[in-house]
Amino acid sequence: MRRLLGRRVRRAFPSTRPRHVGKAAVLGALTTALAVGVAARAASAPQTVAPAHYLKRSAHAGMLKDRRVVFSGRRIVIPVIAVAPGAPDTTFEIHGRVDPTLVFPAGVRIRFALANAYRGMPHGLDVTRKSPPYAKNPDLRATHKASASGGKAVVAATGVIPPARDSHWRARRSAWVTLAPGTYYYACPVPGHARKGMHGRIVVKARHAGEPSPEQHSGTVALR
Ligand SMILES: [Cu+2]
């Protein structure tokens, strides 16, 4: 059982060095696996990832079009870096861009994989319907009354990730989510961060008649 879980951990984050996957990580994965049965939207347990590999994954995520990062495919993992090396404080980096707008076609399954590259501060990522500007303690989880669907403002979350340590980063993934067409935002739930600008926009485009569905799309291989 432990060997099986270890293999799963390494497959989910191939950069993870086995010697850093201790009992805590295995127990964490086991706990998560059990928790998923109870709450399907739970985020994954924190994992240790190698910066170089994660930077490469993030740099290749999506395609850059007019300063937006556009994604296609059926199931997409979006590797996000909290405070990438050389990036300004309290920012996210995706595809080498700071807080870019992300564009998805409707119907795709997405999940965010956030790595915290910063040693001095925890960070997290919420996908929310609540738009900026944000207060110091934004209630991203509050019900968005103006929302047409009337649902909760937060539709996906990685959970807060502890600071990076030594030369390794910590990472967590949100649960898979399919977003209805519309505008969303990704924002850091740690107090003060979203207000300082740690957020970006997400646009989910409705498909028009005649356009291929994600199932028919064969162009882009989703990052795992
Ligand atoms: Cu933050």
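This section describes the strand pairing, the burial of one helix and the backbone exceptions in a predicted model.

An open sheet is formed by 7 strands, arranged in the order β2-β3-β7-β14-β13-β9-β10, and its pairing is mixed. The edges are occupied by β2 (63-65) and β10 (154-157). Each of these has a single partner strand, so one side of β2 and one side of β10 lack a neighbour in the sheet. From one strand to the next, the twist averages 30°.

Within this sheet, β14 (residues 199-205) runs parallel to β7 (residues 101-105), to which 4 bridges join it. Two positions illustrate the register between β7 and β14. F104 has V204 of β14 as its bridge partner, and P105 lies opposite K205 of β14. Strand β13 (residues 182-187) is also joined to β14, in this case by 6 bridges and with the two strands antiparallel. In that pairing, T183 is placed opposite V203 of β14. β14 is thus described by a parallel pairing with β7 and an antiparallel pairing with β13. In a regular strand, side chains point alternately to the two faces of the sheet.

A further set of pairings involves β8 (109-116). Of the 8 residues of β8, 6 are buried, so this strand is largely enclosed by the rest of the structure. β8 pairs with β4 in the parallel sense, over 8 bridges, and I78 stands opposite F112 of β8. The pairing of β8 with β11 is antiparallel and comprises 4 bridges; here A115 has A171 of β11 as its bridge partner. β8 also pairs in the antiparallel sense with strand β12 (residues 177-178), over 2 bridges. R109 is matched with T178 of β12.

Helix α3 (residues 51-59) contributes three buried residues, namely Y54, R57 and S58. Around the helix axis these residues cover an arc of only 95°, which puts them on the same side of α3. The elements against which the buried residues of α3 pack are β1 (47-49), β4 (75-82), β5 (92-94), β8 (109-116) and β11 (169-173). Three of these strands recur in the pairings given above: β4 and β8 are paired with each other, and β8 is paired with β11.

The backbone exceptions lie in loops. Most residues other than glycine have a negative phi, and most peptide bonds are trans. R67, although not a glycine, has a positive phi of about 65°. R67 is located in the loop that connects β2 with β3 (68-70). R67 counts as exposed because it has 8 C-beta neighbours inside 10 Å. D99 is likewise not a glycine and has a positive phi, of about 45°. The position of D99 is in the loop between β6 (97-98) and β7. With 19 other C-beta atoms within 10 Å, D99 is partly exposed; a residue is classed as buried when 20 or more such atoms lie within that distance.

The peptide bond between P132 and P133 is cis, with an omega of about 5°. P133 belongs to the loop between β9 (126-128) and β10. β10 is one of the two edge strands of the open sheet.

Notes
Residues are numbered from 1 along each chain as its sequence is written. This is a predicted model: local features need pLDDT of at least 70, side-chain atom pairs count only at pLDDT 80 or more; totals for chains, interfaces and linings use all residues. Two strands pair if DSSP finds at least two bridges between them. Axes are lines fitted to C-alpha atoms, for helices over the stretch in contact, and angles run from 0 to 180 degrees between N-to-C directions. A residue is buried if 20 or more other C-beta atoms lie within 10 Å of its own, exposed if 12 or fewer, and partly exposed in between; C-beta atoms are placed from the backbone. The arc is that of the directions from the helix axis to the C-beta atoms. Two residues are in contact if their C-beta atoms, placed from the backbone, lie within 7 Å.
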